[in-house]
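Student: Could we go through this structure together, beginning with its salt bridges and then turning to one helix and the chain as a whole?

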Amino acid sequence: MVKKVDLKDYGIDMWQKETIASFRRTLLSWYDREKRNLPWRRTKNPYHIWISEIMLQQTQVATVIPYYQHFLECFPTIEKLADAPEEKLLKVWEGLGYYSRVRNMQTAAQQIMTDHQGQFPNTYDEIAALKGIGPYTAGAIASIAFDLPEPAVDGNVMRVMARLFEVDYDIGDPKNRKIFQAIMEELIDPDRPGDFNQALMDLGTDIESAKNPRPDESPIRAFCAAYLHETYDKYPIKEPKKKPRPLQIQAFVLRNQKGEFLLEKNIKGKLLGGFWSFPIMETNFVGKQLDLFESEDTLLETVSQKTVFEQDYKIKPNWTDQNFASVKHTFSHQKWQIELLEGFTGEAELTADKELRWVAKDDFDRYPMASPQKKMIASYLEGMKSHFK
C-alpha cells in the first residue's frame, strides 16, 4: 500500500474545509462562464476522451481539433483502432509527432479488446494499466468520463498548485509529483471532478500559463499565496530542461530512370519507426566550412558516407555536386541537421536487406512521412527549382 503523503512534511498547510469548499465554488463558477467549447467536452465517451487526452500531450489545442475529428472518422471504435494497419494509423497521425503515442494507443486498444471484451475499463487502476496511459491521463479519463474523484496532475496543474501554496519543490522532478497529487486529492470536487480537472487545465494553459501569466485576472487569486505574498515570480520552481543533443544526418536523394525516388521504411528505429523517408544515416560530417577551401578531412568524410551507402544499399549511383539547403528539425531530445546528397542510377532492382521502394513524387501522399522527410522533400524541390532558373 502506498504511504499517504503528509503535506506538512513539505511545508504545506492545507486549508480548512470551508476554504476548500469556497475554492471549488469559485473555480467551477469561473469554468461554467469561461470554459472553452471543445469537441471532446461534448461527450462522456471514454474512447473519445482518451483520444483527445493523448493527442493533447505536447500538442496545442488548435492543432489537435482537426486531427481528433479525422481520427474518429477513420477509427470510430476501439475495435477499428485495434485492427488498423500500421501504415494507415501512422498516415492519420502524420504531422502530430511523438509517434509512440499512437502506437501505444493501438496496443491499449488491443488490450481492451482482449482483456475487457471491447469495453473501455471504468476504474482508475484498470485505465492506468493500459499501455501509454500514465497517472495524469488515467485521472483525466476517470474523472471526465466516469465522474470518479481522481486528480489529473500535469505540468499546468502543478504550476497552478505551486503558486497557490508556494510549493518549494521543483515541478520538473518526477519524485515531487506525489506532493501535487496529494494537494489535488484534498481539493478535487467530489461532485464535479471532471469539470474541476478541466477548469485547472484551462486556467493553467491561459491565465496561469508558464509564459506571460496574468495573475490579476485569475479567478482564484484571492486563494493564491504567491499572489497575496507577491512571490508570483518565484513559482513554480523548475530547473531548465537539458538541451537536445545535436546530430548530423546525411540524406541520400536517389532517382532512377523513371524519375522515381528511393524511399526506405524505418523498420528498426523507435524514433520514426514505420515511416518512409529518403535513406538517412548519422554522420560526423559537420557541413562545408565557411572558407575558401574544403579541408581534406571534409572530402574524406563525404567519400566515406557515399561508400557506406553503396555497400549497405547495394546501389552505385552517379552522384551530383548539386547543393541543397540544410534541413533542421528538433525533437525533444535530439536536434537534427540534415545534409542532402543527390544521385541517379539506372538500377531498378533493389536487393539490399531493407524495406525499399521506388516511388513517384505524385505518390508520396500514399506513404506516411514524418516532418523531417517533408522538409527534405521541400529542400530538394526548391534546390531543383533554383538549379533550372
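Student: Which residue meets the side chain of Arg36 in a salt bridge?

Tutor: A salt bridge here is a side-chain nitrogen of Lys or Arg within 4 Å of a carboxyl oxygen of Asp or Glu. By that criterion Arg36 has a partner at 2.6 Å, N to O, and this partner is Asp202.

Student: On what kind of model does this rest, and how are the residues numbered?

Tutor: This is a predicted model, in which local features need pLDDT of at least 70 and side-chain atom pairs count only at pLDDT 80 or more, whereas totals for chains, interfaces and linings use all residues. Side-chain values use heavy atoms, with hydrogens and water left out, and residues are numbered along each chain as its sequence is written, from 1.

Student: How many residues apart in sequence are the parts that Arg36 and Asp202 tie together?

Tutor: Helices (H or I, at least four residues) and strands (E, at least two) are DSSP runs, numbered from the N terminus. Arg36 lies in the loop between helix H1 (17-34) and H2, while Asp202 belongs to helix H11 (residues 193-205), so the salt bridge joins parts whose separation in sequence is 166 residues.

Student: Is Asp202 buried or exposed?

Tutor: Buried means under 20% relative accessible area and exposed over 50%, with partly exposed in between (1.4 Å probe, protein chains only). Arg36, at 31% relative accessibility, counts as partly exposed. Asp202 has a relative accessible area of 5%, and therefore it is buried.

Student: Which residue forms a salt bridge with Lys265, and in which helix does that residue lie?

Tutor: Lys265 is in strand E2 (residues 261-265), and its partner is 179 residues away. Lys265 counts as buried at 11% relative accessibility, whereas the partner counts as partly exposed at 35%. The N to O distance is 3.5 Å, and the partner, in helix H5, is Glu86.

Student: Which residues are linked with Glu86 in a network of salt bridges?

Tutor: The pair of Lys265 and Glu86 is part of a network of salt bridges. The residues linked there with Glu86 are Glu87, Arg103 and Lys265.

Student: Why do the buried residues of H5 line one face of the helix?

Tutor: In helix H5 (residues 86-93), the buried residues are Leu89, Leu90, Val92 and Trp93. An α-helix has 3.6 residues a turn, so residues three or four places apart point the same way. Taking the directions from the helix axis to the C-beta atoms, the buried residues of H5 line one face because they fall within an arc of 160°.

Student: Against which helices do the buried residues of H5 pack?

Tutor: Contact means heavy atoms within 4.5 Å. The buried residues of H5 pack against helix H2 (46-55), helix H3 (61-74), helix H4 (78-83) and helix H6 (100-115).

Student: What phi does Gly95 take?

Tutor: Gly95 comes just after H5. Its phi is positive, at about 100°.

Student: What share of the contacts in the protein chain comes from residues 24 or more positions apart?

Tutor: The protein chain has 14 helices and eight strands, and buried residues make up 48% of its 389 residues. Among contacts with a separation of 6 or more, the share from residues 24 or more positions apart is 69%.
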